[in-house]
Amino acid sequence: MAKQPMLKFVTVDQATPEKRPPDLRKQDFQEIYAEYATEKAAEQAGRCSQCGVPYCQSHCPLHNNIPDWLKLTAEGRLQEAYEISQATNTFPEICGRICPQDRLCEGNCVIEQSGHGTVTIGSVEKYITDTAWEQGWVKPIVPAQERTESVGIIGAGPGGLAAADVLRRQGVQVTVYDRYDRAGGLLTYGIPGFKLEKDVVMRRNEQLENGGVEFVLNCDVGTDISFQKIREKHDAVLIATGVYKSRDLGGPGAGAEGIVRAIDFLTASNRKSFGDAVPEFDSGDLNAEGKRVVVIGGGDTAMDCVRTAIRQGATSVKCLYRRDKANMPGSQREVANAEEEGVEFVWLTAPRGFTGGDKVEGVMVQRMRLGAPDATGRQSPEVIEGADYVEDADLVIKALGFEPEALPSLWGEEALEVTRWGTVKSDFRTHETALPNVYAVGDIVRGASLVVWAIRDGREAAEAMLEHFNSKTGAVAAE
Ligand SMILES: Cc1cc2nc3c(=O)[nH]c(=O)nc-3n(C[C@H](O)[C@H](O)[C@H](O)COP(=O)(O)OP(=O)(O)OC[C@H]3O[C@@H](n4cnc5c(N)ncnc54)[C@H](O)[C@@H]3O)c2cc1C
Ligand code: SF4
């Protein structure tokens, strides 16, 4: 039987100095917590029934070999568990932290299905790789031999970086271009630090840089360098630019001060956590402290905004969503977290406009009900006439989702085919676009999606490029 944790009351919160009991010195705490975490991971891993029908694995976009690394973890063979885990996932510690496991691996765990609560697969995955970093099992990228081919990757998010990792390990010359000053894409500037600590992302960036990946940052492709120039410079190009055009709101007062985009709010908060100078945060424009905050939207970005606003010290945080709780797109786990932290959800409501003058003072809210199902079978929200009211607000955050930028016109490359939604068309297996030797992955192909899907796409596109290079040179891919 597993040994009982030595210190049952230890929680992650106690890692912060003000919450740590005075007699518990930092080193003691870390040792005790490490032991507790090991036992917790082993205990969870040991709950896996090795059912033989690993739905968890088939519902993981990377088809991670979950049963095997759970078994090895339960047996205390962590290094072997890590080797298996990293064989299919470029960033297991990141996925372990931020995959919506309730919709993927854990939601399909046989033990969960039988009503006994899922094995916490994501936490174990995170634990295995965090341990691997601590123990020095995560090896630097050292290609067996250098290759002459070069690949230009536009976008340093998880899709681009996963491809960079696979290519560089095979000795390909890789240059990653990004318009931000740090690599990581939404891992760095979108997802809040309380879900994904920034040092976890930065150490991966460093690993790639130390492994020979060249980063060209503060470089907006289309402005600072043309897409055509990048194509000329490299044997193949990967487009991994994500989706950044925020859906907007209209109505009276929509342009007032104090109505901001979710991405700006979250980026400012993340920049602040890096210690950057962020004038819009310091001026209060993108800071929720002491404000009545209303977030509009029901997806995961909205959940990140409400939880960030709470942490910044907002006096109240309300989330307006036009459907009900059962029909919201965001993860139910995230809603539960937000509710626990004091966020108030106002279901079946939508903004009609805004009150106030130059500066917003409130949201004119119309109440909704769910009507007949539309073509997709989803009930459409309908306005209840005469039931409007005003929700007071000092800061309104629009979190209505993202769309792709119009790359063909922005880059003067009309032959780059896009769908009617503006996402780049690419082969579902090789990820090659209509332009020869130009590939595309992640959100710019799928629309706003998930980190784990971007990683899968990036890995697959890199494999397809290697296959293509090898077919030209007649070489056999290195193991
Ligand atoms: C607030 C928020 C929270 C999220 N939370 C989660 C979560 O918890 N779990 C999860 O799985 N997913 C989450 N997602 C979704 C996830 O972040 C994305 O699906 C994923 O990051 C997509 O990866 P990507 O590589 O395609 O693009 P991105 O991560 O968006 O990276 C694209 C990169 O391309 C760069 N770029 C764009 N255009 C240019 C250009 N012209 N020139 C140079 N560089 C350019 C950008 O600067 C960026 O660095 C969240 C998204 C948001 C917005
Ligand atoms: S990558 Fe995501 S879906 Fe796959 S096992 Fe890890 S947490 Fe689950």
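Tutor: Two strands are said to pair if DSSP finds at least two bridges between them. Keep that in mind as we read this model, which is a predicted one.

Student: Over how many bridges do β4 and β16 pair, and in which sense?

Tutor: Strand β4, residues 236-239, pairs with β16 in the parallel sense, and the pairing runs over 3 bridges. To see where the two strands meet, look at I239, which stands opposite A440 in β16.

Student: Which helix packs on the sheet there, and which strands does that helix touch?

Tutor: Helix α18 packs on this sheet and touches β1 (150-154), β4 and β16, while its direction makes about 170° with that of β4. Such angles run from 0 to 180 degrees between N-to-C directions.

Student: In what order do the strands of this sheet stand?

Tutor: The sheet is open and has 5 strands, which follow one another as β3-β2-β1-β4-β16 with parallel pairing. At its edges are β3 (214-216) and β16 (438-440), each of which pairs on one side only. If direction is ignored, neighbouring strands here are turned by 20° against each other on average.

Student: What is the strand order in the other sheet, the one that holds β6 and β9?

Tutor: That sheet is also described as open, with 5 parallel strands in the order β6-β14-β7-β8-β9. Because β6 (259-261) and β9 (344-347) stand at the edges with a single partner strand each, one side of each has no neighbour in the sheet. From one strand to the next, the twist averages 25°.

Student: Which residue stands opposite L320?

Tutor: L320 faces V346 in β9, and the parallel pairing of β8 (residues 316-321) with β9 extends over 4 bridges. Helix α12, residues 262-273, packs on this sheet by touching β6 and β14 (395-398), and its direction makes about 75° with that of β6.

Student: How many residues surround ligand 1, and which are the closest?

Tutor: A shell of 33 residues surrounds ligand 1, and the closest are I98, D178, V221, Y244 and D443. Sorted by class, this shell has 17 nonpolar, 10 polar and 6 charged residues.

Student: How far are the backbone atoms of I98, P158 and G159 from their partner atoms in ligand 1?

Tutor: For I98, a backbone N or O atom lies 2.8 Å from a nitrogen atom of the ligand. A polar backbone atom of P158 is 3.4 Å from a ligand oxygen atom, and for G159 the distance from a polar backbone atom to a ligand oxygen atom is 2.9 Å. The protein covers 96% of the 1000 Å² of accessible area that ligand 1 has on its own. The elements giving two or more residues to the shell are α8 (158-169), α14 (300-312) and α18 (451-473).

Conventions
Residues numbered from 1 in each chain as written. Chains lettered and ligands numbered in written order. Predicted model: local features only at pLDDT ≥ 70, side-chain atom pairs only at ≥ 80, totals over all residues. Heavy atoms only, no water. Near = heavy atom within 4 Å. Polar contact = N/O pair within 3.5 Å; in protein donor to acceptor, adjacent residues only side chain to side chain. Areas by Shrake-Rupley, 256 points an atom, 1.4 Å probe, with all protein chains shown as cover. Nonpolar A, V, L, I, M, F, W, Y, C, P; charged D, E, K, R; others polar. Contact = heavy atoms within 4.5 Å.
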